Amino acid sequence: MTAASQVERTVLEEEFNWLLKEEVHAVLKQLQDILKEAARRFSMPTPGLEGTLKQENFILGSSTMDQVKGVLTLQGEALTQADINIKVAKSSQVMHFAFRDDKQWKLQQIQDARNHVNQALQLLSSRDESYQFKTGAEVNKLMDAVMLQLSRARNRLTTPATLTLPELASSGLMKMFTPPMPGDVMVNFYINLSKLCLTVYQLHVLQPNTTKNFKPAGSSVLHNPGAMFEINNTKFEVSHVHKVECVVPWLNDTLVFFTISLQLCQQLKDKISVFSSFWNYRPF
């Protein structure tokens, strides 16, 4: 090894040690600050009322159609009230439904995303400033674990659960309303990115003589008109589908925080890989 390459190696080792000792902890602190902000968005307290989550009202509907309108009340991960008007396709009659006073609907996607953020924070806080990382592989392992939790949190908000129509028909959501939902109407709530979505399905019963082409629909986030299913020996077809949504600003904030955090993790991994590629290359 030449004197020049020996000097270069010494300089690189000093830089790498500085990275492990100083820069890694600076990035961990930055990640913790960002993810604490994300966690705070999931549990915004009501000003002046400690321990009480802020209630937010969202108006559902679109300017192009008035078949479905509604106001939803969101408190953290729970829909505490839903007030929905549905205009029936055949008669133009308007049906009105609201959550029973003793009921609220947990949005599992928000709950899961929040849990993943908390797990990422626990991983980061397990390596406080006094902890000395000894290898790049050790840092990468931590970054991979944090990135896994952040990817799962983001995926829960960007990927709503797929359901079959019988699963939707027998869901606890159908028992939430007063007056009770009629047998030919089904609803579903879910999160898609930063939007809170409501889908309303209007159904008609298939007569026995029209069931020869019966093909039950599989799982989907959104079923189209014409989708068929059977429940309690009765066959149904979806006749109309209405989807309305509203933007939840704090969900948009959390998605931005996830993106920034994932980028920070990746940048730190990239810096470590620059040094790793040097150690693997020996210019003798």
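Q32 turns up in helix 1, and in this predicted model the residue counts as buried, with a relative accessibility of 17%. That value falls under the 20% cut-off, so Q32 goes in with the buried residues rather than the partly exposed ones. Leaving out residues up to four places away in sequence, the partners of Q32 are L121, L124 and S125. Two of these, L121 and L124, also appear among the buried residues of helix 2, so the contacts of Q32 lead straight on to that helix.

Helix 2 takes in residues 108–125. Its buried set runs through Q109, I110, D112, A113, H116, V117, A120, L121 and L124. The geometry of helix 2 checks out as well: 18 residues at 1.5 Å a residue should span 26 Å, and the end C-alpha atoms are indeed 26 Å apart.

Helix 3 (residues 136–158) gets the same sort of check. Its 23 residues should span 33 Å, and the end C-alpha atoms sit 32 Å apart, which agrees. Buried positions in helix 3 are G136, V139, N140, L142, M143, V146, M147, Q149, L150, A153 and L157. V139 is worth a closer look: its relative accessible area is just 1%, so it counts as buried. Beyond its neighbours within four places in sequence, V139 is in contact with L20, V24, F133, L268 and I272. With L268, the link spans 129 residues along the chain, while the two C-alpha atoms are separated by 8.6 Å.

Zooming out, the protein has five helices and twelve strands, and 42% of its 284 residues count as buried. Contacts reach a long way along the chain: of those between residues at least 6 apart in sequence, 66% join residues at least 24 apart. The exposed surface comes to about 15,200 Å², with carbon and sulfur atoms supplying 52% of it.

On the inside, nonpolar side chains in soluble globular proteins tend to be buried together. Here the largest nonpolar core has 77 residues, and those with the most contacts inside it are V117, F177, F189, L198 and F258. Helix 1 (residues 3–42) gives the most to this core, with 13 residues. V117 has already come up as one of the buried residues of helix 2.

F189 is the other core residue to follow up. Not counting residues up to four places away in sequence, F189 touches L72, L79, A82, I84, F99, W105, L107, L173, F177, C197 and L198. Two of these partners, F177 and L198, are themselves listed with F189 among the residues with the most contacts inside the core.

Aromatic rings make up part of this picture. The count of aromatic pairs comes to six. One of them is F99 with F189, an edge-to-face pair at 6.2 Å centre to centre and with 85 degrees between the planes. F99 lies in strand 6 (residues 94–99) and F189 in strand 9 (residues 185–192), so this pair ties together parts 90 residues apart in sequence. Both F99 and F189 are buried. They also belong to one aromatic cluster, made up of F97, F99, F177 and F189.

Rings meet charges in the model too. The charged end of R127 sits over the ring of Y131, 4.6 Å from its centre. K235, for its part, lies over the face of F214 at 5.2 Å from the ring centre.

A few backbone details round things off. The peptide bond from T178 to P179 is cis, with omega near -10 degrees, and P179 lies in the loop between strand 8 (177–178) and strand 9. On the other side of strand 9, L193 lies in the loop that leads to strand 10 (195–205). L193 is not a glycine, yet its phi is positive, near 60 degrees. With 45% relative accessibility, L193 counts as partly exposed, because that value falls between the 20% and 50% cut-offs.

N232 has a positive phi too, of about 50 degrees, again without being a glycine. N232 is placed in the loop between strand 11 (228–231) and strand 12 (234–247). Its relative accessible area is 69%, so N232 counts as exposed.

Methods: Residues numbered from 1 in each chain as written. Predicted model: local features only at pLDDT ≥ 70, side-chain atom pairs only at ≥ 80, totals over all residues. Heavy atoms only, no water. Helix = DSSP H or I, 4+ residues; strand = E, 2+ residues; numbered from the N terminus. Buried < 20%, exposed > 50% of the residue type's maximum accessible area, 1.4 Å probe, protein only. Contact = heavy atoms within 4.5 Å. Areas by Shrake-Rupley, 256 points an atom, 1.4 Å probe, with all protein chains shown as cover. Phe/Tyr/Trp six-rings, centres within 6.5 Å; stacked < 30°, edge-to-face > 60°. Lys NZ or Arg CZ within 6 Å of the ring centre and 35° of its normal. Core = buried A, V, L, I, M, F, W, Y, C linked by side-chain atoms within 4.5 Å. Expected span 1.5 Å × (residues − 1).
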